[in-house]
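Student: I would like to take a close look at one part of this model, the sheet and what packs around it. Please take me through it carefully, in one connected account.

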Amino acid sequence: MTSTIQTGPRENGSAPKPLLEVENLRVSFQLAQRTIDAVRGVSFAVQPGEAVGILGESGSGKSVTGRALMGILKSPPALVTADRMHFRGTDLDQLRQERRGSDGSGQPIAMIFQNPFTALNPVFRVGNALTEVLVSQRGMTAAQARTEAVRLLDAVRIPNASRRIKSYPHEFSGGMQQRIMIALALALNPDVLIADEPTTALDVTVQAQILTLLRELQQERQMGLIFISHDLDVVSEVVTRVYVMYGGRIVESGPVDSIYADSRHPYTRGLLLSAPTPGVHKKRLVAIAGSPPEAGATPPGCPFHPRCPHQTEVCREEMPPLSPSVDGPGVAACHHAAQLPRLEVDTHV
């Protein structure tokens, strides 16, 4: 069972129209000996100007979800299906083809990848990389593209942008390289920006700068933002709503504040209790037992049950649906969500 969750401001009591709507997204990889189901029925929505987070450990399916939305998974071996992948009510694949290099409108979705060191081509100056996108995807002339490239580098706070446009990637620090990656994504003039763990390779100070930059750009441009991470503390700096993924499924979703205050899924609780949080006192850090399931080897029933301290027979046999919380704004896929005790987290240090 899947559930499409929509949040955002309402006008005249009616639900707002989603900017991006995904229903029952499935991604599998057809290999020689077996099929790996990487994403298994994911549904969510992003409202105009909304920032949402997709949270989970490595292998949970969050990055594959982002790449499926971008349409960049090679087929074969990837097989992507969905009941609905709509952007402003129009089929996303159809819209992507219509916009490609035709009328200067750019693409509906752009993505910032995790590692700028491997994403940027070392033999091209950053200006060449930017102008190529602007010419091919937005139909600009070479002169227009160069002017816009300088403006984009300036927008992401690259000092002396008109001069640094001639530099190669290795002449920039890691943080500056990630700013260039953001500029490349913005060159597509997207309405939705996917940031796939954009701060993982950066130190804490630079990480904070990149998070601040993303917040500012998202608010200035009123873009939808999908922030992918394994770190809820990082996610909470940017987003208002969180989708937690495990074993290729969404297992919990809700406003970030409610997830922090009293999450209803044992996996989300494990992520919270296993990591130190600045400004939050925890009696002790508790590691999640076991390891995530291997790709293509998700157990029957609840995918988290082999690691869950609250598992019972029904957990081992039946996959729980995403169900609304009885006393909160979120949803969780847990047979025992209503019976879980409150988290022992003291936010008063």
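Student: In S11, which residue is the bridge partner of valine 242?

Tutor: This is a predicted model, and in it the bridge partner of valine 242 is glycine 254 in S11. That pair belongs to the connection between strand S10, residues 241-246, and strand S11, residues 249-255, which run antiparallel and are joined by six bridges. Both strands have their place in an open sheet of eight strands, whose order is S7-S8-S9-S3-S10-S11-S14-S13 and whose pairing is mixed. At its edges are strand S7 (109-112) and strand S13 (323-324), each of which pairs on one side only.

Helix H1, residues 62-70, packs on this sheet and touches strand S3 (51-55), S7, strand S8 (192-196), strand S9 (224-229) and S10, while its direction makes about 140° with that of S7. Helix H8, residues 204-221, also belongs in this picture, since it lies across S3, S7, S8 and S9 and runs at about 160° to S9.

From H8 one can move on to helix H7, residues 174-186, which packs with H8 at an angle of about 20°, the two axes being 10 Å apart. Angles under 35 degrees count as roughly parallel, and H7 and H8 are therefore roughly parallel to each other; the crossing in which H7 passes H8 is right-handed. On the H7 side the contact involves Gly175, Gln178, Arg179, Ile182 and Leu186, and these meet Val206, Gln209, Ile210, Leu213, Leu214, Leu217 and Arg221 in H8. Sorted by class, the contact of H7 with H8 is made of seven nonpolar, three polar and two charged residues. As background to such lists, an α-helix has 3.6 residues a turn, so residues three or four places apart point the same way.

For helix H11, residues 266-273, the point to examine is burial: seven of its eight residues are buried, so that the helix is mostly covered. The buried residues are Pro266, Tyr267, Thr268, Arg269, Gly270, Leu271 and Leu272.

Finally, one residue in another strand can be followed in the same way, namely serine 28, which lies in strand S1, residues 20-30. Serine 28 has a relative accessible area of 9% and is therefore buried, the cut-off being under 20%. Leaving aside its neighbours within four places in sequence, serine 28 is in contact with Thr35, Ile36, Asp37, Ala38, Pro77, Ala78 and Leu79. The C-alpha atom of serine 28 is also separated by 8.9 Å from that of threonine 81, although the two residues are 53 residues apart along the chain.

Conventions: Residues are numbered from 1 along each chain as its sequence is written. This is a predicted model: local features need pLDDT of at least 70, side-chain atom pairs count only at pLDDT 80 or more; totals for chains, interfaces and linings use all residues. Side-chain values use heavy atoms; hydrogens and water are left out. Two strands pair if DSSP finds at least two bridges between them. Helices (H or I, at least four residues) and strands (E, at least two) are DSSP runs, numbered from the N terminus. Contact means heavy atoms within 4.5 Å. Axes are lines fitted to C-alpha atoms, for helices over the stretch in contact, and angles run from 0 to 180 degrees between N-to-C directions. Angles under 35 degrees count as roughly parallel, over 145 as roughly antiparallel, 65 to 115 as roughly perpendicular and the rest as oblique. A crossing is left-handed if the near helix is turned anticlockwise from the far one by less than a right angle, and right-handed if clockwise. Ala, Val, Leu, Ile, Met, Phe, Trp, Tyr, Cys and Pro count as nonpolar, Asp, Glu, Lys and Arg as charged, and the others, Gly among them, as polar. Buried means under 20% relative accessible area, exposed over 50%, partly exposed in between (1.4 Å probe, protein chains only).
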